[in-house]
Amino acid sequence: MIYDVRQTTTCAYASPVAHARHVLRLTPIPRPGQRVHVAALQILPEPQHRREGLDFFGNRLTWIEIEEPHRMLTIKLAARVTVDAADEPGALATPAWEAVREEAFATSDIGPLSPAHFLFPSRMVSLDPEIRDYTRESFPADRPVLDAAIELMNRLKADITYEIGATTVTTTPPMSFALRRGVCQDFAHIMISGLRGIGLPAAYVSGYLRTMPRTDPTRLQGADAMHAWVLVWCGSPHPTLPRSRGRVGWGWIGLDPTNAVVASDQHVVLAVGRDYTDVAPMDGVIVGSGGQRIDVAVNVTPAG
Amino acid sequence: MAAHLDKIVEKETAGLEQLVAAYRPLPGIFDEMMDGDGRVRAHWQPFLSMLAALGTDEINRRFAAADRYLRGSGVFYRVYEDAAGIERPWPLSHVPLIIEPSEWKQLEAGLIQRAELLETVLADTYGPALFSSDGRLPAALIAGNPEFLRPMVGVPPPGGAHLRFYAVDVGRGADGRWWVLSDRAQAPSGAGYAIENRLALSRAIPDIYRTTRVERVAPFFQAFQAELLALSRQDDPQICLLTPGPMSETYFEHAYLARYLGLLLVEGEDLSVRDDGVFVRTVSGLRRTEVLLRRIDADFADPLELNAASRLGAPGLLQAVRDDKIVIINSLGAGLVEARAMLAFLPALAPIVLGADLAIPNVATWWLGRADMREEMIGELDRMVIAPAFESQTDASSSNEVLGAKLDDAQREALILSIRDRGVDYVAQEAVTLSSMPVWRDGHLQPRPFTLRLFLTKVGERWEVMPAGFVRIADNADARAVSLQRGAATADAWVLAHGPVAETTMLPTAERIQVQRATGLLPSRAADNLFWVGRYVERAEATLRLMRAMINRAAEADETAAPVIAGIASLLDAWDAVPKDALAAPVGFITRAVLARADLSGSLPALTGAARSAASVIRERFSPDAWRALNDLATMVALPLAVGPSESAIIERVEAALRIISSLSGLAQENMTQLAGWRFLELGRRIERAILTGRLVRCFAMTGAPDGGLELLLELADSQITYRQRYVMVAARAPVLDLVLLDPNNPRSVAFQLDRIETHLSALPGRSATGRLSPVQQIVASIATRLRTVEAAAIDEALIVDIEQSLMKLSDAITAAYLSNNERSEAVWEALA
């Protein structure tokens with residue numbers, strides 16, 4: 001599927017900002033199953049300094065510095081992206097979750113998408129015993145890892161109410177789990193906390209869903225905004241240890257707990273990290289005395 | 001003659017025997033001073049004999065002198081858990097650890113070897129990561145380490161090395177071998193305290209110190225300092241020590257080291273990262289720095305790319321590192337090697353990297369991320385310590401350690417489950433037993449377990465080891481490393497030299513070091529604090545003088561004094577020094593309120609407390625004496641007053657406070673080596689004094705002033721004697737005004753303050769276009785001109801109000817020109833999204 005992605009991020013400040021420095025993670029990059037034909041960021045006011053680069057996980061970063069006083073900062077993304085429909089692995093054919101865990105512990109891969117990076121607590125995802133125990137219910141001994149993870153995803157969708165405003169960008173997984181409420185970020189963080197709690201690698205993805213009319217019954221939660229979901233590591237496709245017959249490692253699989261679906265060609269990936277803080281669309285330090293309001297408008301439509 | 005000498009030896013031996021008679025090494029552990037047969041080890045004998053020769057009373061006296069020295073230098077440490085952030089006196093245990101030369105050589109070689117190994121590990125981890133890909137360092141061991149800074153991967157450390165100042169904690173096992181307990185690579189602390197311990201002890205027992213041939217520490221720091229200078233590419237390098245600030249546990253040490261090494265002590269707020277490098281905001285504008293000795297943890301270094309909540313770092317610092325603009329010591333990310341889990345892999349890496357085994361082994365450690373180790377160690381749980389894999393072994397984290405043998409069944413089961421879930425998070429370590437050394441308690445030597453921190457610095461391509469150490473001694477006799485908790489005492493370590501000790505070692509670069517010290521810069525933040533210390537102290541002094549005048553007049557029991565007393569009360573009220581409802585109260589009540597009501601912004605506790613707290617964040621700018629005077633002032637003022645009607649307690653306190661302020665003025669002038677700093681303190685005082693004098697004149701010398709107002713004014717301005725000499729008559733308005741406002745020779749006149757202000761400003765770096773007076777100077781010049789041209793008789797209230805307002809404008813202008821950084825005046829830090 002080919003999409004045109006448009007995102008406009010507007011920061012309005014109550015009083016003029018004299019100086020601002022930001023890191024933006026707002027440009028999609030090519031990934032397995034995703035091609036980026038064009039992607040451009042337009043920034044107003046024009047930054048005095050601007051640099052492009054990649055972070056450790058391979059995400060695209062834009063560093064900007066604005067030295068002139070401004071009351072408004074606008075960042076516009078225009079991109080065209082092709083997303084392939086994912087090869088559906090047979091969930092029951094994936095390796096036992098304990099084997100995946102041991103494989104992740106022992107991996108010699110330290111590269112950007114090594115499971116090793118996604119095993120540990122991170123800035124926003126602590127390892128919460130309650131979430132871990134909740135997760136364990138889906139992971140009896142020897143169950144295929146993806147089969148168990150999909151069940152966990154479905155339980156989260158059933159047990160947690162999608163509610164905008166119940167949580168904020170800084171809500172931690174134990175808090176939203178206790179509330180049993182949240183938005184995509186909370187669903188993703190809770191699921192990540194649970195999987196890591198039992199020793200399984202899980203990553204956080206920020207991105208977009210295809211925009212659908214509100215009346216469309218197939219419309220997913222989180223369209224028209226930035227979305228977040230989870231990557232679960234399902235064993236190396238090229239294992240160094242022998243596997244029991246018929247079990248296939250599949251690498252990273254996208255699971256969207258907010259919608260209880262396996263990520264496919266409706267999901268456009270923007271950035272991947274350990275949790276929200278690794279992929280936050282915009283970080284910054286500003287000099288100013290007033291408050292601020294941020295508006296985000298997203299439109300993802302099939303091209304042509 | 002020979003017989004005489006024999007007698008001396010005999011006498012000394014007898015003294016030594018008596019000194020150690022009651023000393024009993026702890027069962028089953030190695031004692032540094034006494035061997036297994038109860039004999040004092042040879043390298044301790046000279047020291048102990050000399051100590052014994054002093055006799056118990058003299059020993060106590062000498063050791064007390066060391067404590068006095070430490071108090072006098074203001075050595076302290078802060079206890080985090082303490083809500084009040086109380087500074088604790090420095091706990092020095094006076095008996096040094098004595099290390100013989102041959103043993104030192106071995107330690108030295110072993111530590112240098114270890115430093116080289118760790119440097120290689122860091123270079124590989126942030127570089128090609130071959131140790132991971134070939135399985136020698138599991139990827140999860142690196143990836144799970146919170147000090148593994150992903151933004152630094154692939155970035156070669158500016159200056160060419162990750163480690164430049166490295167510390168190791170060692171302990172000696174029951175078998176007499178030294179073991180490495182942990183590595184300190186992030187921002188090792190303790191070296192400054194080691195210097196202080198050395199100074200205190202060498203002054204308390206100078207004769208013993210000189211006679212015992214002890215290796216000196218100064219050459220080590222001179223080498224370190226020279227290396228810092230060599231890393232800078234500028235001709236006039238500004239090397240900074242980046243501190244988290246005065247709330248940090250070891251702030252004293254930061255300030256001390258900065259002074260000792262001639263570095264500029266800065267906080268993150270003082271730094272500005274720009275496209276072309278890193279700069280310090282100083283009173284003379286932005287000054288480039290290329291070398292940063294950091295005492296903040298790496299995660300706090302840059303809110304833009306690391307911990308967004310950090311206010312301790314400088315946004316953009318990581319980019320400056322990537323651009324090779326700044327050498328940070330140690331490199332951001334070097335803390336990686338502190339993790340305990342590393343100890344499990346270093347012994348096997350050593351032969352590959354160094355071609356040799358580790359000469360000093362580290363604590364036997366197993367990482368439980370490996371399936372085979374995990375089950376084996378679960379089987380051996382009873383003789384193991386289980387600890388977090390990625391924390392370094394610090395006093396603070398030792399509560400996270402678990403002794404397998406001490407668990408009950410339920411705890412044991414829970415721990416095993418956790419280990420099976422997430423073995424990557426745990427290590428098993430053999431429980432370590434430490435050796436003991438003597439401490440002096442209640443007139444006796446007693447054995448206590450200890451650890452020894454040793455410091456290394458990289459000089460060129462070589463490593464040098466500080467031939468001394470920082471000893472921490474457990475406060476009880478439990479000899480497991482685990483029990484070394486906070487509350488421990490510290491001691492010096494004396495490394496005995498083979499030959500004579502050189503008293504001074506001058507390195508080739510010493511001359512450059514001298515120059516560096518003479519041109520210390522003043523960060524704007526520090527100048528701002530000094531300015532306010534000056535203003536608060538001056539306001540406190542004026543308040544004290546008013547109180548004194550008030551009490552003296554009340555004591556005369558003269559009805560005619562009532563209007564003047566009422567005038568003083570209403571001025572104290574205007575300064576928010578007394579509660580409104582107290583204005584009609586007796587003088588004792590009013591003055592008591594000024595001393596007690598810390599909630600009022602103009603009360604003495606509030607003023608002196610504000611002065612102290614402004615000074616505390618720039619403590620390194622004060623001499624210990626000046627700091628102590630300021631501290632004494634705030635402490636004394638805040639003490640509860642004895643209840644009672646008598647004003648004598650109050651007047652005593654007021655007089656004492658005035659005496660401290662007057663000594664403080666002298667100390668500031670004589671001891672403040674940072675010249676620009678002293679000028680800002682002075683500017684604060686002079687401006688405040690000029691404003692307050694104007695105010696006093698309006699209250700006590702203008703129309704409607706109370707009878708006796710002019711005499712009061714003369715008293716407050718310290719001008720009675722001058723006045724009597726000149727006029728020999730009762731106070732008259734015009735001559736009094738002339739003396740208090742216009743006379744350039746009266747040190748308390750407004751004209752005199754302006755003269756001083758002009759002098760100070762002209763000595764500060766100019767901040768305006770050449771040729772013209774700066775806006776700040778223009779304000780001063782205009783006030784000064786008015787005072788020079790006006791006749792005393794023509795002075796009216798409007799003129800004084802006008803001058804006061806101009807002075808306030810001057811204060812703002814100085815702030816704008818020198819003290820605030822325009823870039824971040826009202827800094828709001830926010831992580832968006």
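The following paragraphs go through selected parts of chain A and chain B in this predicted model.

The account starts with a sheet in chain A. Four strands make up this open sheet, arranged in the order 3-6-1-15, and their pairing is antiparallel. Strand 3 (34-44) and strand 15 (292-302) of chain A are the edge strands, each pairing on one side only. On average, neighbouring strands of the sheet are turned by 10° against each other, with direction ignored. Strands of a sheet pair through backbone hydrogen bonds, and the pairing may be parallel or antiparallel. Within this sheet, ten bridges join strand 3 of chain A to strand 6 (residues 70-83) of chain A in the antiparallel sense. One point of reference along that pairing is A:Ala39, whose bridge partner in strand 6 of chain A is A:Ala79.

Another strand pair in chain A consists of strand 2 (residues 19-24) and strand 14 (residues 282-287). These two strands of chain A also pair in the antiparallel sense, over six bridges. A:His22 has A:Gly284 of strand 14 of chain A as its bridge partner. Strand 14 of chain A is mostly covered, as six of its six residues are buried. A:Met282, A:Gly284 and A:Ile286 point one way from the strand, while A:Asp283, A:Val285 and A:Val287 point the other way. Residues on both sides of strand 14 of chain A are buried, A:Asp283 among them.

A:Val261 belongs to strand 12 (residues 261-262) of chain A. With a relative accessible area of 25%, A:Val261 is partly exposed, because the value is not under 20%, the limit for a buried residue, and not over 50%, the limit for an exposed one. Apart from neighbours within four places in sequence, A:Val261 is in contact with A:Met153, A:Gly254, A:Leu255, A:Asp256 and A:His267. A:Ile150 is 111 residues away from A:Val261 in sequence, yet their C-alpha atoms are 8.4 Å apart in space.

The account now turns to chain B. Chain B contains 29 helices and 22 strands. It has 833 residues, of which 59% count as buried. Among its contacts with a separation of 6 or more, 71% are accounted for by residues 24 or more positions apart.

Two packed helices are described by the distance between their axes and the angle between them. For helix 3 (residues 56-73) and helix 7 (residues 191-204) of chain B, the axes come within 8 Å and cross at roughly 135°. Helix 3 and helix 7 of chain B are therefore oblique to each other. The crossing of helix 3 of chain B past helix 7 of chain B is right-handed. On the side of helix 3 of chain B, the contact is made by B:Arg62, B:Ala66, B:Tyr69, B:Leu70 and B:Ser73. Helix 7 of chain B contributes B:Glu196, B:Leu199, B:Ala200, B:Arg203 and B:Ala204. By class, this contact between helix 3 and helix 7 of chain B has six nonpolar, one polar and three charged residues.

Helix 7 of chain B also holds a residue in contact with strand 21 (residues 489-495) of chain B, namely B:Asn197. The strand residue concerned is B:Thr490. B:Thr490 is buried, with a relative accessible area of 5%. Leaving aside neighbours within four places in sequence, the other contacts of B:Thr490 are B:Trp90, B:Pro91, B:Leu92, B:Ser93, B:Phe470, B:Val471 and B:Arg472.

Technical notes:
Residues numbered from 1 in each chain as written. Chains lettered and ligands numbered in written order. Predicted model: local features only at pLDDT ≥ 70, side-chain atom pairs only at ≥ 80, totals over all residues. Heavy atoms only, no water. Pairing = 2+ DSSP bridges. Axes fitted to C-alpha atoms, helices over the stretch in contact; angles between N-to-C directions. Parallel < 35°, antiparallel > 145°, perpendicular 65-115°, else oblique. Left-handed = near helix turned anticlockwise from the far one by under 90°. Contact = heavy atoms within 4.5 Å. Nonpolar A, V, L, I, M, F, W, Y, C, P; charged D, E, K, R; others polar. Buried < 20%, exposed > 50% of the residue type's maximum accessible area, 1.4 Å probe, protein only.
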